[in-house]
Amino acid sequence: MVSTLGIILYGNFVLLTFVYLYLFHIRRLIGFQLGMNISIIAGGFVSIITGVILIYQFPLHFVPVTMASTIIGFVVGGMFGALFDYQTFLTGYGNGLMMGIMAPMVGASANSSTSFIIFIETVFILSLIVILSSAKSS
């Protein structure tokens, strides 16, 4: 299961990179309110799913997993927010930070449940689809 989780984590970052590159090309067509929601969703979900996957792979290593998921969360949230303006940058940064701090607790509470990782992956992919469709229709 450990190697599968690593592949899932890598796949999440590849998907997120494609979404970022797509949004980068159309960023001038997106208003700041939609940009704020995009940065909240992107930073929050990436930090949650990263924290859950890492705590599944490294149980009882709460401090390094919390630090990694927090850093990944605020970097991704900040990057998506920086596509639009400084206010959305701060919103994505703050949301990624808070979700990254809480993510290992959620993962530890799930107790390595396979159904939970399938659920959270499904929600993550659906969130990316919603981001793409909302950006395309704006």
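A helix here is a DSSP run of H or I with at least four residues, and helices are numbered from the N terminus. I keep in mind throughout that this is a predicted model.

**Entry 1: G96.** I looked up G96 and found its place in helix α4. Buried means under 20% relative accessible area, and since G96 has 0% relative accessibility, I noted this glycine as buried. I then checked G96 against I48, which is 48 residues away along the chain, and found that their C-alpha atoms are separated by 8.6 Å.

**Entry 2: aromatic pairs.** How many aromatic pairs are there? I arrived at a count of 5, taking ring centres within 6.5 Å as the rule for a pair. For Y20 and F80, the ring centres are 5.3 Å apart and the planes stand at 75°, so I put this pair down as edge-to-face. Because Y20 belongs to helix α1 (residues 2–26) and F80 to helix α3, the pair ties together parts that are 60 residues apart in sequence. I also looked up the accessibility of F80, which at 2% counts as buried.

The rings of F74 and Y93 have their centres 5.1 Å apart, with planes at 55°, so I wrote this pair down as tilted. Here F74 lies in helix α3 and Y93 in helix α4 (residues 86–110), so the pair ties together parts 19 residues apart in sequence. Are F74 and Y93 buried or exposed? I found F74 to be partly exposed, with a relative accessible area of 23%, and Y93 to be partly exposed as well, with 32%. Following the ring pairs further, I saw that they link F74, Y86, F89 and Y93 into a cluster.

**Entry 3: a charge over a ring.** I turned to F24 and found R27 lying over the face of its ring, at 4.1 Å from the ring centre.

**Entry 4: a surface patch.** Which residues form a nonpolar patch on the surface? I listed V63, M67, I71, V75 and M79, which together have about 450 Å² of accessible area. From this patch I picked V75, which is found in helix α3 (residues 62–82), and its 36% relative accessibility makes V75 partly exposed.

**Entry 5: helix α5.** I compared the span of helix α5 (residues 114–137) with what its 24 residues should give at 1.5 Å a residue: the expected value is 34 Å, and the end C-alpha atoms are 35 Å apart, which agrees. I then noted the buried residues of α5, which are I117, I120, E121, F124, S127, L128, I131 and A135.

Definitions and conventions: Residues are numbered from 1 along each chain as its sequence is written. This is a predicted model: local features need pLDDT of at least 70, side-chain atom pairs count only at pLDDT 80 or more; totals for chains, interfaces and linings use all residues. Side-chain values use heavy atoms; hydrogens and water are left out. Patches are made of residues with over 30% relative accessible area and no salt bridge: like charges are joined within 9 Å, nonpolar side chains (Val, Leu, Ile, Met, Phe, Trp, Tyr) within 5 Å. Accessible areas come from the Shrake-Rupley method with a 1.4 Å probe; for residues, only the protein chains shown count as cover. A salt bridge is a side-chain nitrogen of Lys or Arg within 4 Å of a carboxyl oxygen of Asp or Glu. Helices (H or I, at least four residues) and strands (E, at least two) are DSSP runs, numbered from the N terminus. Buried means under 20% relative accessible area, exposed over 50%, partly exposed in between (1.4 Å probe, protein chains only). The expected span of a helix is 1.5 Å times one less than its number of residues. Rings of Phe, Tyr and Trp (its six-membered ring) pair if their centres lie within 6.5 Å; planes under 30 degrees apart count as stacked, over 60 as edge-to-face and the rest as tilted. A charge sits over a ring if NZ of Lys or CZ of Arg is within 6 Å of the ring centre and within 35 degrees of the ring normal.
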